[in-house]
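Biologist: Got a minute to go through this one with me? I'd like to take it a helix at a time.

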Amino acid sequence: MANKDLIIKHKRAKGDDGYRTFSIRIKEEIVSKLDNISTQTGHSRNELIGLLLEYEIENCRVEEK
């Protein structure tokens, strides 16, 4: 007879996956553009925002005073 035990593993602590959740405020125009790219590429809005932020962080520079 097969083992019918239900094995429940410990849940990861919130934030333990290396991600953080937070809210941002952006213009409707930007949301619309993100939605268009999302429709064209099949990526979620969240994925696109992450990709765009990573790119910009790696390619920006802070101007000295």
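Biologist: Is S38 buried or exposed?
Modeller: Keep in mind that this is a predicted model. S38 sits in helix α1, and the cut-off for buried is under 20% relative accessible area. S38 has 17%, so it counts as buried.

Biologist: Leaving aside its neighbours within four places in sequence, which residues is S38 in contact with?
Modeller: S38 is one of the α1 residues that meet α2, and R45 and L48 are among the residues on the α2 side. Its full set of contacts, with those sequence neighbours left out, is H43, S44, R45 and L48.

Biologist: Why do the buried residues of α1 line one face of the helix?
Modeller: The residues in question are V31, L34 and S38. In general, an α-helix has 3.6 residues a turn, so residues three or four places apart point the same way. Looking down the axis of α1, the buried residues line one face because they fall within an arc of 65°.

Biologist: And which exposed residues does the face of α1 turned away from its buried side carry?
Modeller: On the buried side, the cover includes α2. Flip to the face turned away and you get the exposed residues E29, T39 and Q40.

Biologist: At what angle do the axes of α1 and α2 cross?
Modeller: Two packed helices are described by the angle between their axes and the distance between the axes. Here the axes of α1 (residues 28–41) and α2 (residues 45–59) come within 9 Å. The two helices are roughly perpendicular to each other, with a crossing angle of roughly 105°.

Biologist: How do the residues of that contact divide into nonpolar, polar and charged?
Modeller: From α1 you have V31, L34, D35, I37, S38 and T41, and they meet R45, L48, I49 and L52 of α2. Sorted by type, the residues of this contact come out as 6 nonpolar, 2 polar and 2 charged.

Biologist: How far apart in space are E58 and R45, C-alpha to C-alpha?
Modeller: E58 is found in α2, and at 66% relative accessibility E58 counts as exposed. In sequence, E58 and R45 are 13 residues apart. In space, their C-alpha atoms are separated by 20 Å.

Notes
Residues numbered from 1 in each chain as written. Predicted model: local features only at pLDDT ≥ 70, side-chain atom pairs only at ≥ 80, totals over all residues. Heavy atoms only, no water. Axes fitted to C-alpha atoms, helices over the stretch in contact; angles between N-to-C directions. Helix = DSSP H or I, 4+ residues; strand = E, 2+ residues; numbered from the N terminus. Parallel < 35°, antiparallel > 145°, perpendicular 65-115°, else oblique. Contact = heavy atoms within 4.5 Å. Nonpolar A, V, L, I, M, F, W, Y, C, P; charged D, E, K, R; others polar. Buried < 20%, exposed > 50% of the residue type's maximum accessible area, 1.4 Å probe, protein only. Arc of directions from axis to C-beta.
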